[in-house]
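Thanks for coming. I will go through a few helices, then the cysteines, then some single residues. Please look at the sequence and the model first.

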Amino acid sequence: MEKYGVNQLREMFLKYFESKGCLRMKSFSLVPHNDDSLLIINSGMAPLKPYFTGQEIPPRKRVTTCQKCIRTGDLENVGKTARHGTFFEMLGNFSFGDYFKKEAIPWAWEFLTEVVGLDADRLYPSVYVDDQEAWDLWHDKMGIAPERIFRFGKEDNFWEHGSGPCGPCSEIYYDRGEKYGCGKPGCTVGCECDRYMEVWNIVFSQFNNDGHGNYSDLIQKNIDTGMGLERLAVAVQGVDSIFDVDTLQALRDEVCTISGTKYHTSDKDDVAIRVITDHARSVTFMISDGIMPSNEGRGYVLRRLLRRADRYGKLLGIEGPFMKQLAEAVIEGSKDGYPELEEKKNFILNVVEQEEGKFEKTINQGLGMLTEAEERIRREEGSELSGSDAFRLYDTFGFPLDLTREILAEKDITVDEKGFDAEMKEQKDKARSARKKSNYMGADATVYEQLDAGVNTEFTGYGDHLTETGKVVALCELHTEEEDAENTVAEALSDGMTGAVITDRTPFYGTMGGQVGDIGTIESEGGSFEVRETLHVAGSKIAHIGVMTRGMFRTGDTVTLKVDAQNRMATCRNHSATHLLQKALREVLGTHVEQAGSYQDPQRTRFDFSHFKPMTADEIRRVEDMVNEKITAGLPVTTDVMGLEEARKTGAMALFGEKYGEKVRVVKMGDFSTELCGGTHVSNTSQIGQFKILSESGVAAGVRRIEAITGANVRKYYDGLEKELDEAASLLKATPETLSEHIRKMQEDLKSLRSENESLKSREAREQLGDISDRIKEIAGVRYLGASVDNVDMNGLRELGDQMKAKYNAGVILLLSARDGKVSLMAMASDEAAAKGAHAGNLVKAIAGLVGGGGGGRPNMAQAGGKDPAGIPRALEEAENVLRGQIR
């Protein structure tokens, strides 16, 4: 097979579908046209939506394009893996009510096998599980063996987005060979490893979804085909990733030349090289379509990508501007397919040069400060940049919060955005700009910045080491927002004062990685301090925040620090159970489950994870049973400290929010779970005691949340349920064992009583009316009955009306009732009366105002409500006039 280049493959695809009667259309701009739902074009189909929806008539019913696209939804992964990129080209062939499955499937196969020359034995089609038509075409027409055709469910092989056109799809996978596989016995099409790569996706848009899960056939069936050009090139050229195909490799080599580095010699450098390679393409194409750098919208995306690339260039040691040179390389490599790049070359290069120069002036010092902050957080094994630090970067160095967040996310460090917002609000509030205060439990970060940068705290509290002797190296007096005083560095804390005690050594765990900090006491000969919270603060300091309960502490005092063992153990139970929970979720739901957030305190554990639908009751039970099984098994919990690369080789999973330095802690629970984690844990899973899932819910798109409890909290939970059960049983004079039967009997009795009540109400209403035959009037040849009854609801009026209609053969019936100060109106008209012009809806509408209300309905049946019972007699009188006017 010839290893065609990217530019060759693009042309081959477009020419092939031109031969099938498709109109070749230029790539649309990355700026969506008349489509507010998109910020930037992100798929081949996106600019063609008006043709699919019928808003516009396509220039031809058959179209083919190679569309430039940008996606930044997983920006944090770009560079870290060789799979992800922000810029890509999407090959597409489309049918707007013209050809369908029997053409689209053979054409896809013919192009891949005969035009491009891919080995047919390495191609595997997939179809939607219920799409027998597509399966038959692959098997009967194309001759693909049944075992080579894969059926997948709605999640994988059915395209829909809310209401509107939708349908099944058929994908074609390419087997790249065993060296790209995971090595598992069951590795096949659909595996998450890199062996079987999807290269082609044909969407058969044949249904319409009404938005409520009801599907009907479309009159005009459409074809939407998508194939990533870079992915196709990976298969054709037999390379490892999109960054190795010819055009990207040329650009990648240019990055290496500029930086003096080599690809595949350093993982860290490789990430930077891939980021710059990808972002240079995005930046160049965005500017060519008129997108200019700014602080909002598309311009912000551009600025963010350029600055991200420039920052990675600095990590590679590149001095001075370099993106202009790379933009030139992008233009040179892609101008054959996109001649507008050459036409706008000077404009593109000028914008890149100016924006890069602006970055150098406003961000360089901020990058230096951020590097220091990263190192500080690494030393203290932290996971979050304080809102105060983030605000300093923004306010002093013009460092955008989004860039701060992006850079730190690459190192598993988050930003306290609420803290940042609070600082921003504080700055805008001039009346309070002279000082920043906060609840002492949140601790004003600025007070700690006044401390000696050389002061740090060594954490010694892993395992059962919960007592430590340390030296007080700093003290701070803290105040709540209600107190009219500033947080200050102090030489001493005395009885009753709220403050922070910082020591050179501590067994207290500071809040980090989702695990809340310890509580306990600090004692000396001269005083006692109640620790209510433990936090990581500026530098590698750990602050014990709380209240002096006796005597005084001075800087330099020797103290004994004692962690509350019961509180620590309760937190450890929840944290260790979280490890078991994540593993159990992956076992039950699949390996797509990844941690998206976690929180553990002594009362509970909260775990957020990636999953795209609610868990079933059976799945929840299986997960809970699996965790409890591992607890009962008494698995040893061991912790080893090793290098990051060595840890990765053990298969250890990273936990949310952790920051990894050269040495990491690997926590193993038997052979079941292996995680990278800096938190504290039980020594054996049996110490967890019990595990109970309290709830499973959705917190964001594709993110589910489980809340659970362990240990003694499970017993408390069941004690509470038992108490509630006993109270409920007592109220019904039953026992817990017979409570269900009593409730069922009560429901039956209630149903019977309701039926009896309705019958009584109906009889009462009839008795109120009595013999009303003498009230029947004939109006213009239509028998009419109008009456009022007291204390009858709308259901009663309808039932009474049906009875009166049948008994007196009335053509039109109007009933009104006053109840609880409100009025109900109900009118009925027979088909014969309606044929003569009677209209119940218009009748009610005309008189409802007389009782202070409104309403209407159909010709045969109508109802209304009002607020003025005094108007009932007048409404009955007027009804006769209205009806008289209706009859023709």
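Before the helices, one definition: the expected span of a helix is 1.5 Å times one less than its number of residues. Keep in mind throughout that this is a predicted model.

Start with helix H3, residues 101-115. With 15 residues at 1.5 Å a residue, H3 should span 21 Å, and its end C-alpha atoms are 20 Å apart, which agrees. How many of the 15 residues of H3 are buried? Eleven are, so H3 is largely enclosed by the rest of the structure. The cut-off behind that word is under 20% relative accessible area. The buried residues include the aromatic side chains you may want to find on screen, Trp107, Trp109 and Phe111. Also buried in H3 are Lys101, Glu103, Ala104, Ile105, Pro106, Ala108, Leu112 and Thr113. Just after H3 comes Gly117, with a positive phi of about 95°.

Helix H1, residues 6-18, gets the same check. Its 13 residues should span 18 Å, and the end C-alpha atoms of H1 are 18 Å apart, which agrees. Buried residues in H1 are Val6, Leu9, Arg10, Met12, Phe13, Leu14, Tyr16 and Phe17.

Next, a helix pair. Two packed helices are described by the angle between their axes and the distance between the axes. Here the pair is H8, residues 267-288, and H9, residues 297-315. Their axes come within 9 Å and cross at roughly 145°, and the crossing is left-handed. On the H8 side, the residues in contact are Val271, Ala272, Val275, Ile276, His279, Ser282, Val283, Met286 and Ile287. On the H9 side, they are Arg298, Val301, Leu302, Leu305, Leu306, Arg308, Ala309, Tyr312 and Gly313. By class, that contact has 13 nonpolar, three polar and two charged residues.

Now the cysteines. How many disulfides are there? The count comes to zero, with a cut-off of 2.5 Å between cysteine sulfur atoms. Cys191 is worth a look: its sulfur is 3.6 Å from the closest cysteine sulfur, in Cys193, and that is too far for a bond. Cys191 is partly exposed, at a relative accessible area of 26%. Cys677 is in no disulfide either, and the nearest cysteine sulfur, that of Cys572, is 10 Å away. At 3% relative accessibility, Cys677 counts as buried.

A further cysteine, Cys256, sits in helix H7, residues 246-259. Cys256 is buried, with a relative accessible area of 8%. Leaving out residues up to four places away in sequence, Cys256 touches Thr261, Lys262, Tyr263 and Ile273. For a long separation, take Cys256 and Lys154: they are 102 residues apart along the chain, and their C-alpha atoms are separated by 43 Å.

Compare that with Ala875, in helix H25, residues 872-886. Ala875 and Gly849 are 26 residues apart in sequence, and their C-alpha atoms are 8.5 Å apart in space. Is Ala875 buried or exposed? At 0% relative accessibility, Ala875 counts as buried. Beyond four places in sequence, Ala875 touches Leu816, Ile847, Leu850 and Val851.

One residue in a strand: Asn201, in S8, residues 196-209. Asn201 is buried, with a relative accessible area of 18%. Again leaving aside neighbours within four places in sequence, Asn201 is in contact with Cys169, Ser170, Glu171, Asp224, Thr225 and Gly226.

Last, backbone angles. Most residues other than glycine have a negative phi. Asn809 is not a glycine, yet has a positive phi of about 55°. Where is Asn809? It is in the loop between helix H22, 794-808, and strand S32, 812-819. At 58% relative accessibility, Asn809 counts as exposed. Asp820 is not a glycine either, and also has a positive phi of about 55°. Asp820 is in the loop between S32 and strand S33, 822-829. With a relative accessible area of 74%, Asp820 is exposed.

That is the list. Questions are welcome.

Methods: Residues numbered from 1 in each chain as written. Predicted model: local features only at pLDDT ≥ 70, side-chain atom pairs only at ≥ 80, totals over all residues. Heavy atoms only, no water. Helix = DSSP H or I, 4+ residues; strand = E, 2+ residues; numbered from the N terminus. Buried < 20%, exposed > 50% of the residue type's maximum accessible area, 1.4 Å probe, protein only. Axes fitted to C-alpha atoms, helices over the stretch in contact; angles between N-to-C directions. Left-handed = near helix turned anticlockwise from the far one by under 90°. Contact = heavy atoms within 4.5 Å. Nonpolar A, V, L, I, M, F, W, Y, C, P; charged D, E, K, R; others polar.
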